[in-house]
Each structure stands twice: as C-alpha cells, then as structure tokens.
Amino acid sequence: MSATFPGRRMHSRRFYRVQRRFGEAAAMLFGLVLLVWSITPIYNMWMIALDSHDAIFSGTVWPDSPTLESFRVVITEDFWYLENFWHQFGNSFIVGLSVTFLTLLIGSLASFTVGRLRLRHGWLLTNAALMTYVIPASFLAIPIYRIMQIYGLQNQLSSVILALTTFATPYAIFIFSQYGKSIPMELDESARIDGANPLQIYVRIYLPLMAPALVAVGTYALLLAWNEYLYNFLLLSTPQSMTVAVALAQFLNSDESPWNYMMATAIIYALPPIILYYGFRRYMAAGLTMGGVKG
Amino acid sequence: MSSTQQALRFGQSEPVHRSRHKPWRFRPQGSDTAWAVAFVIPYVAVFATFVVYPALFGLWMGSNPSLYGTLFSDPRYVTTAINTLLFVVIGVNVKMFLAFLLSGYFMNRSWWVRSLLAIYLIPWALPALVVFTSIHFMLVTQWGLLDSLWRTVTGEDGPLFLTTAWIAMTANVVAYIWKWMPFWTLIFLGARMAIPQDIYEAAEIDGATGTRRLIYVTFPMLANVYLICTLLSTVWTLGDFPTVYFVSSGAPARLTDVLATYGFHEAFDFGYPNLGVAAMMSALPVLIPVVILLMRRVRATGVQL
C-alpha cells in the first residue's frame with residue numbers, strides 16, 4: 001500500500017512535466033506562426049528594395065542578386081520623384097515636432113484648467129474633446145480642405161500642423177486629466193499659500209510632475225503626425241511643401257514606377273517611427289494602459 | 001479601496017459624477033478665472049476653427065436633399081455601403097476577438113514571448129501608407145510575394161488576388177487586422193494585468209481553470225473594456241481611409257471601395273465635393289447611435305478612453 005503511492009506520484013509528476021513541455025512547444029510553435037504573420041509584409045518591403053530594377057518582375061521569394069543600389073538612389077536624390085527627398089524629410093520633421101509641441105501645450109493647458117483650476121463648465125470642454133476623439137478624421141477631410149483654402153493656408157505646413165494638432169489634442173486631454181488625478185491637490189494649495197499664481201503652478205508644479213504622461217502623449221502625437229497620409233496629401237501638393245508621405249505616394253501615380261526605389265524610400269521613411277517606438281516603448285505602453293483600462 | 005475591489009468594479013456599473021459634486025476646495029476667484037480662460041483659449045480656438053466650423057461647413061455642403069437621390073441611385077454607392085458594413089463588422093469583431101485571445105498568450109512573461117511582443121507591435125508603429133503599399137505589392141499578381149510563394153509550393157500560377165472583388169475585399173480586411181490587432185492586444189494586455197492575481201487563485205480553488213477560467217473569470221472582468229473598445233474601434237473603422245485606398249485601391253473596377261475612399265474619389269477625382277460629403281454623411285445614421293452608446297457606456301462604467 002505504502003509502496004504504490006510514491007510510484008503513482010512519480011508517474012503523475014512525469015506526466016505533468018511532459019504535458020507542460022508539450023504546452024510550451026505548442027506555444028513556441030504558435031509564436032513562430034505569429035512571427036511570420038507579423039514580419040511578412042516587412043520582409044516583402046526589404047525584398048523589393050534590395051532587388052535591382054529589372055529583377056522585380058522575376059517573381060522570386062528572395063532576390064537573386066541583392067543590391068543596395070536603390071538606397072543609394074534615395075539618399076543621393078538620384079531620381080526625379082526624389083529630387084527634394086531630404087527637404088521633404090525635413091518637412092515631415094517640422095510637422096511632427098510642431099504637432100507634438102502644440103498638442104502637449106494645448107492639451108496640458110486645457111486639462112490643467114479643467115482639472116486643477118476647476119473652471120466652471122469645464123466638463124463641456126472635456127465632452128467637446130470626447131466628441132472630436134470619436135469622430136473619424138477622414139469624415140472632416142473634405143470640409144477641412146475647403147476651409148484651408150478659405151484661410152489661405154493650402155500648401156503651407158501650418159495647415160497640416162493645425163489639422164493634426166486638432167485630432168491629437170483630445171487624446172492628450174484624456175491622458176492628462178487621468179494622470180493629473182494622481183498629483184495631490186495639496187501641492188497646488190501650498191503653492192498658493194506661498195503666493196504662486198496659476199501660471200507658476202502650471203510651470204513649476206504641474207508640468208514637472210506630469211513628465212511621464214507628457215512623454216507618452218508626445219510619442220503618440222509624433223507618431224500620428226509622422227504616419228498620417230490623408231491630410232498631408234490633401235493640403236500639401238507642391239514639391240517644396242510636401243512631406244515624405246506625399247512624395248512616397250507619388251510613385252503610385254504611374255504603373256511604370258521603380259518599385260524598388262519606392263520601397264527603399266518607404267524603409268527610410270519608416271525608420272524614425274521604429275526608432276521612436278523602441279526608444280519610448282515603455283512610456284507608450286504606460287500611456288495606453290493609463291488611458292485604456294483604469295477602472 | 002483595495003485593488004480587488006477596484007478590479008471588481010470592472011464588471012459593475014458605477015456613476016462617475018462623484019468628483020463633480022465634491023465640495024470645491026478652491027473656488028475660482030476673480031484672477032483665477034482670468035487665468036483659466038486664458039489657458040483654455042488655445043484649445044477652444046482650435047476646436048472652433050478646425051472642428052466646429054468644418055463640421056458645420058460639411059453639414060451645409062451635404063444639406064441638399066437631391067444629393068442623396070443621386071447617391072442612392074448610384075449602384076457603386078450601394079456596393080460601397082455594403083462593403084463598408086462588411087469591412088467594419090467583420091474587421092472589427094475578428095480583430096477584437098483575436099486581440100483578446102492573443103493578450104492571454106502575451107501574459108506569459110518568458111523572454112521569448114516578450115521579444116515576440118516587441119516584434120508583434122511593429123505593424124502598429126509603422127506608417128499605414130508603407131505597410132499597406134507593401135501588402136498591395138504582395139498581392140499584385142505575376143510578381144508579388146504571395147504569388148511567388150504559391151508558384152514555389154504548387155508549381156502553378158496563383159489566383160488573381162486583386163481582380164476578384166471578394167478576394168480583394170478579404171485582403172483589405174486581413175490587412176486591416178494585421179495593422180490594428182497589435183494595438184488592441186496591448187490595450188487588453190493592460191486590462192488583464194490589472195486583474196488581481198487573488199481572483200484567479202480563488203477561481204482555481206473553485207475549479208475554474210483553462211478555458212473555464214477564460215469564459216467565467218477573465219471575460220466577465222474585461223467585458224466593459226471589451227465593449228467600449230469595440231464601439232470605439234467601430235467608429236474609427238467606419239471612417240477608415242488608408243486600408244482600402246492602398247491595399248486594393250478599390251480594384252477591381254471600384255468594387256471594393258468603402259465610404260471614406262468613395263467620398264474621396266467623388267470629391268477629388270470626379271470633382272463632386274458635395275457628393276463626397278453626402279456619402280460620408282450617409283454613415284451618420286450608424287455613427288450617431290454608436291457614439292451615443294459609447295458615451296453612455298463610458299459614463300456608466302467610468303472606464304476612461
């Protein structure tokens with residue numbers, strides 16, 4: 001009797017170990033499938049970019065003679081679609097950084113007022129932001145296009161900057177109001193007793209303590225502005241005012257375009273968001289969960 | 001309030017008006033109000049010039065009833081409306097459900113799952129234009145990657161992906177899921193991590209493990225977040241532009257357009273901006289109830305967006 005128990009326990013332990021190994025192997029196999037699913041389109045970009053021009057149409061899974069020629073063409077602006085590539089790259093940076101700055105400034109000021117100064121009817125502002133947040137941006141594209149003509153802003157970077165700031169600010173207001181609740185009101189009160197006015201409280205107390213939220217929202221705004229296409233395309237059409245997104249999509253105007261140059265451009269254009277993503281991943285994830293799931 | 005109680009609130013309705021009725025410690029005094037007004041002016045200005053004015057302008061552009069007669073008599077519009085409905089209903093629900101399941105997979109914190117998560121999230125960080133163009137090239141027959149793979153495996157030419165409407169539409173939905181599933185997986189992952197471990201332990205003692213734990217513990221805990229995310233995603237996807245514009249480009253013969261691309265082409269390719277606005281306005285009967293439902297859920301549960 002006493003001999004059978006240890007035996008059975010040994011058996012079941014081995015059984016569970018095998019089962020766990022099996023489960024782990026299945027998880028790894030699934031992970032492999034997920035990996036292939038995630039990187040196939042990215043692999044495809046590299047494959048086309050590394051092809052030489054006449055080899056694209058050969059229909060192979062890996063280029064026969066991979067070459068970095070198309071990257072050279074993009075970097076030296078050696079193709080007529082790419083004549084102003086670095087200038088346009090700069091435009092994208094100006095748009096991205098301006099949208100980030102304005103979103104942070106406008107969003108933090110608004111949520112500071114609603115959350116800390118307790119402006120009467122401040123909830124109206126929060127609701128207005130919520131409405132903007134849930135309206136698809138593309139539905140306002142045609143009217144905004146017409147309105148920018150009325151304002152005389154077409155083909156100026158400021159038009160895109162203002163439009164994208166409008167769409168990024170609501171998210172900023174939500175994250176800031178959410179995060180702001182964790183900063184104790186007593187800090188403001190003691191600053192007031194020391195004679196600080198609201199501007200000083202905003203600059204000296206609110207902004208420094210909001211730093212993590214500022215980083216999260218800033219990353220979000222920069223990604224949004226850099227990756228956006230529709231408004232860039234509608235509002236910027238001259239080679240001097242274009243951003244990279246618009247320049248890149250020009251390749252699609254013709255069926256004869258050198259796709260390898262296009263994909264090399266696309267990879268270079270995609271580098272800043274990837275660097276940003278890996279650099280600020282922790283903050284971004286924090287920002288998302290900060291907003292997404294607080295009970 | 002303990003974290004357990006906090007987590008339990010996920011499943012219940014609770015009004016969030018508490019803070020509004022809290023006695024104010026500092027009522028805005030004269031000078032404070034001046035500061036407050038100065039601080040909100042930038043947002044109010046942006047909101048008025050780039051949301052209110054365009055919205056009213058759009059309503060005015062699409063106010064002529066005869067536009068809708070023209071719109072509804074266009075067979076391409078009917079196809080577009082059906083496409084949009086299929087795209088939103090299938091795309092959003094499949095994406096959300098898979099994201100929910102995958103968030104469970106990513107709860108495993110071993111090093112290789114964490115590295116996989118970092119790679120899995122790349123599609124979300126990349127510009128839509130770039131990835132959707134790449135997917136478009138994968139599908140272009142004769143020399144696309146999928147076709148080459150097909151030929152390598154079967155020895156025959158692949159199907160003509162973008163010349164059959166339903167395959168092209170499926171490609172749009174799959175590309176959409178590929179791009180946006182990672183984002184929502186991350187949201188659900190965050191929500192799952194907020195569930196305290198002791199609830200799982202209690203459930204395990206009661207015999208809820210594996211699938212039963214998923215159905216009877218995890219899902220009820222996340223039900224509110226799931227519903228709100230689905231509604232929010234529905235609203236955003238109704239106006240989704242880049243997916244169809246770049247993946248299928250409406251091919252074949254504009255049979256795979258959705259409302260956003262249809263309106264875009266009407267306005268900027270054919271020169272009927274009012275018709276384009278009318279096409280997007282025709283989504284309002286769906287959009288407005290979803291937005292109202294969303295707002296009510298947000299209010300009722302206190303889940304912050």
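**Exercise 1. Find which residues of α3(A) meet which residues of α4(A), and describe how the two helices pack.**

Step 1. Start with the meeting points: Ala110(A), Thr113(A) and Val114(A) in α3(A) meet Gly122(A), Leu125(A) and Thr126(A) in α4(A). Two residues are in contact here if their C-beta atoms, placed from the backbone, lie within 7 Å. Helices are DSSP runs of H or I with at least four residues, strands are runs of E with at least two, and both are numbered from the N terminus.

Step 2. Sort these residues by type: 3 are nonpolar, 3 are polar and none is charged. Ala, Val, Leu, Ile, Met, Phe, Trp, Tyr, Cys and Pro count as nonpolar, Asp, Glu, Lys and Arg as charged, and the others, Gly among them, as polar.

Step 3. Now look at the geometry. Helix α3 (residues 85–115) of chain A and helix α4 (residues 122–134) of chain A pack at an angle of about 140°, and their axes are 9 Å apart. Axes are lines fitted to C-alpha atoms, for helices over the stretch in contact, and angles run from 0 to 180 degrees between N-to-C directions.

Step 4. The pair α3(A) and α4(A) is therefore oblique. Angles under 35 degrees count as roughly parallel, over 145 as roughly antiparallel, 65 to 115 as roughly perpendicular and the rest as oblique.

Before going on, a word about the model: it is predicted, local features need pLDDT of at least 70, side-chain atom pairs count only at pLDDT 80 or more, and totals for chains, interfaces and linings use all residues. Residues are numbered from 1 along each chain as its sequence is written, while chains are lettered from A and ligands numbered from 1 in the order in which they are written.

**Exercise 2. Work out how chain A is built and divided.**

Step 1. Count the elements: chain A has 13 helices and 0 strands.

Step 2. Split the chain: domain 1 covers 4–67 and domain 2 covers 74–292 in chain A. Such bounds come from an automatic or database domain assignment.

Step 3. Place the parts: the C-alpha centres of domain 1 of chain A and domain 2 of chain A lie 36 Å apart. Their contact takes 6 residues from domain 1 of chain A and 7 residues from domain 2 of chain A.

**Exercise 3. Decide whether Val246(A) is buried or exposed, and find its neighbours.**

Step 1. Locate Val246(A) in helix α11 (residues 244–250) of chain A.

Step 2. Val246(A) is buried, because 23 other C-beta atoms lie within 10 Å. A residue is buried if 20 or more other C-beta atoms lie within 10 Å of its own, exposed if 12 or fewer, and partly exposed in between, with C-beta atoms placed from the backbone. In chain A, buried residues make up 44% of the 295 residues.

Step 3. Leaving out residues up to four places away in sequence, Val246(A) touches Asn232(A), Phe233(A) and Leu236(A).

**Exercise 4. Turn to chain B: what does it share with chain A, and how many residues of its helix α11 are buried?**

Step 1. Count the contact: 80 residues of chain B are in contact with 78 residues of chain A. Helix α3 (residues 30–61) of chain B gives the most to that side of chain B, with 17 residues.

Step 2. Sort that side of chain B by type: 60 nonpolar, 14 polar and 6 charged.

Step 3. Check helix α11 (residues 197–205) of chain B: of its 9 residues, the number buried is 0, so it lies largely in the open. Just after α11(B), Gly207(B) takes a positive phi of about 95°.
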